[in-house]
Amino acid sequence: MGDGAADDIVALVVRQWQSVHPGLGTGPMELIGRINRCAALLQQAESTALRDAGPSRAEFDLLGAPRRTAVELTPGEPARETFSFGATATKRLRGPTGRGLVERRTDDRDRRVAPVRLTDAGRAVVDAVLTARPAFELDAVLPARPAFERTVLAGLDPDRLGGLATRLGELLVGLEGRGAARGF
């Protein structure tokens, strides 16, 4: 690729690989590496903002799924709604369930199914984080998110952002359709 991107950590890694394997095609590594690094840094920034609010980033995502959909979720839906694996979502539900933020009920038709729904306490936690009520003593997290995102993207050419979003959307649809998250 080498399209004049700033000298970032991925560029350093690519140069290191090229020095030991000069013929190595690093184009995909340059793109995927940067996507992964950007995602990690953005998640770190979001997690820092949530740290003092009570729920972890993963728990907040899990609590947010039934809150924003306003319905109880089947066991597979929290995983899909939070971009995680089923077992991971189930594990992440243990803490909020133990703290009374979500509850699971057994489906009368299928005892193996245990839909998840927010309790009043769970809704209060999500809403407190969204509105940054004093109980959490932090700046607004999600309402401030668009401003944070604008700041992050401010250094990029606005005329090219739509194209970047479209290309990344195409990549995402392709990955979701092929089951890339499961290792192909």
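Helices are here taken as DSSP runs of at least four residues, numbered from the N terminus, and in this predicted model Asp-127 is found in one such run, helix H6. Because burial is assigned under 20% relative accessible area, Asp-127, at 19% relative accessibility, counts as buried. The side chain of Asp-127 makes a polar contact, at 2.9 Å, with the side chain of Arg-67.

Helix H6, which spans residues 120–131, also contributes to the largest nonpolar core. This core has 12 residues, namely Phe-60, Leu-62, Leu-63, Ala-89, Leu-93, Leu-101, Val-102, Val-116, Leu-118, Val-125, Val-126 and Val-129. At least two residues of the core are supplied by each of helix H3 (57–69), helix H5 (86–98), strand S2 (116–118) and helix H6. Within the core, Leu-118 touches Leu-63, Leu-101, Val-102 and Val-126, among other residues that include Pro-66, Arg-67 and Arg-123, when residues up to four places away in sequence are not counted. Arg-67 is thus touched by Leu-118 and is also the partner of Asp-127 in the polar contact described above.

On the surface, a nonpolar patch is formed by Leu-31, Ile-32, Leu-42, Val-152, Leu-153, Leu-156, Leu-164, Leu-168 and Leu-171, which together have about 680 Å² of accessible area. The elements that give two or more residues to this patch are helix H2 (27–50), helix H7 (145–153) and helix H8 (158–178). Val-152, one of the patch residues, is found in helix H7. With a relative accessible area of 41%, Val-152 is classed as partly exposed, because this class lies between the limits of 20% and 50%.

Notes. Residues numbered from 1 in each chain as written. Predicted model: local features only at pLDDT ≥ 70, side-chain atom pairs only at ≥ 80, totals over all residues. Heavy atoms only, no water. Patch = residues over 30% accessible without salt bridge, like charges linked within 9 Å, V, L, I, M, F, W, Y side chains within 5 Å. Areas by Shrake-Rupley, 256 points an atom, 1.4 Å probe, with all protein chains shown as cover. Salt bridge = Lys/Arg side-chain N within 4 Å of Asp/Glu carboxyl O. Buried < 20%, exposed > 50% of the residue type's maximum accessible area, 1.4 Å probe, protein only. Core = buried A, V, L, I, M, F, W, Y, C linked by side-chain atoms within 4.5 Å. Contact = heavy atoms within 4.5 Å. Polar contact = N/O pair within 3.5 Å; in protein donor to acceptor, adjacent residues only side chain to side chain.
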